[in-house]
Amino acid sequence: MKQSLRLGSVRGIALGVHWSVGVILVLFAWELAEYQLPADPGHAGVGDWVAGVVGAVALLASLLAHELSHALVARRSGVRVRSITLFVFGGLTQLEGEAHTPGADFRIAAVGPATSLVLAGVLGGADALARVGSVHGLPTATLSWLWEVNLLLAGFNLVPAAPLDGGRILRAALWRHWGNRTRAALASTRVGRWFGVLLVFLGVLGVLAVGITGLWAALIGVFLYASAVSEEQYELVEDALSGLTVGEVMFPDPPTVLPSTSGADLLALFQWRYRGDAVVVTDPIGAAPAGVVTTRVMRRIEPEQQRTADAGHLAVPLAELVRCRPEEPAGPLLPRIAAHGGHPAVVFDSTGRLVGLVSLADLERAAAWATARRRRTLLRR
Ligand SMILES: [Zn+2]
């Protein structure tokens, strides 16, 4: 997910928000100001709206704290973390790999709901203290809404359905029990799919019974279902890649172009003469690689850009790409490429020469061949 607004970074982890976070900011501020805070719901004053916006921003900060706890524990467990992005359905912590043991998998997942629980406790305590000190009105009303939502967040995330934290906890438990990570992950994504279907069903019932608010549950259900399905695909591809090296799955010796190559020439190359997913763009004298131009960029190119833009402008710079070696295992590339915007990885040999590219499509193709091969050996047995 692309960050529309960067908030900064914590220990090298890029924090940001996707534009869709504006939707929940407005929804929560509105819910708070119009319904939760006023003594006379539906007649909100300026004070209610100020408290509503403050409360909604504080909720986003709680979400960020939840995600940051995942990220920091992941990093301590030796898993690289690229970014945290808040979006309409919550937060997304982009990891560049996976936990190496069931224990680490459990800790990375469990710390999120634990953080939300602690926040609910602290905010609830502050709320109780304020009430004891006879502070009433907007501050206490905002505080009680905040701790309730944090409690709800912890509870919902503990449902054992991937991609929710509870699904990851289930995965860790089954992984320890069965000793097979892929099997455990597939079981937890299956629960995730069913939970998504259940939420859609309940959401539709909700729309019929109480009105439009039920739509929210249905939308979250659709999102969870889709995420569980894509996670399942991902696990299957990664499992199929086990035993293969980068050198075996890469597109070897990709063509190189000068940065001055025109958009029109590049388009002709991709359309008619070349079957790979990216070409290498060199520095101006053609001596060293500087970036890659991908089919994805070329498909999106506007007609006027074909005339004006050149390879130098269309290229994704080398610094933004995953670098790897031919002898490395291919499986771990999948999360790393996904965390780098889906751009292909560049493969360098031990002498520092660029020897190949690996795109997501290359990985999927290799996984499909590996699966077919495995199925044939299974049938022959
Ligand atoms: Zn979480």
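## A zinc site and a pocket

Asp165 is buried, with a relative accessible area of 9%. This is a predicted model, and Asp165 is a good place to start looking around, since the zinc ion is coordinated by Asp165 along with His66 and His70. His66 is buried too, at a relative accessible area of 2%.

Here is who gives what to the zinc ion, with contacts at 2.0 to 2.6 Å:

| Residue | Donor atom |
|---|---|
| His66 | NE2 |
| His70 | NE2 |
| Asp165 | OD |
| Asp165 | OD |

What is the geometry of the zinc site like? The site is irregular, with angles of 55 to 150° among its four donor atoms. Tetrahedral would need all angles to lie between 85 and 135 degrees, so the spread of 55 to 150° doesn't fit that label.

Along the sequence, the donor residues follow the spacing H-x3-H-x94-D. The zinc ion's partners also bring together distant parts of the chain: His66 sits in helix H2 (residues 46-76) and Asp165 in helix H5 (residues 165-178), 99 residues apart.

Now for the second largest pocket. Its volume is about 450 Å³, and 24 residues line it, with Gly97, Glu98, Glu238, Gly331 and Pro332 nearest the centre. Helix H6 (181-209), helix H7 (214-241) and helix H13 (333-339) each give two or more residues to that lining. H7 gives the most, with four residues. By character, the lining of this pocket splits into nine charged, eight nonpolar and seven polar residues.

Definitions and conventions:
Residues numbered from 1 in each chain as written. Predicted model: local features only at pLDDT ≥ 70, side-chain atom pairs only at ≥ 80, totals over all residues. Heavy atoms only, no water. Donors = N, O, S within 2.8 Å, 3.2 Å for Na, K, Ca; no water. Tetrahedral: all angles 85-135°; square planar, octahedral: opposite > 155°, others 65-115°. Buried < 20%, exposed > 50% of the residue type's maximum accessible area, 1.4 Å probe, protein only. 1 Å grid on protein atoms, 1.4 Å probe; cavity = no way out; pocket = protein on both sides within 12 Å on 5 of 7 lines; lining within 4 Å. Points joined across faces, edges and corners; volume = space filled by probe spheres on them. Nonpolar A, V, L, I, M, F, W, Y, C, P; charged D, E, K, R; others polar.
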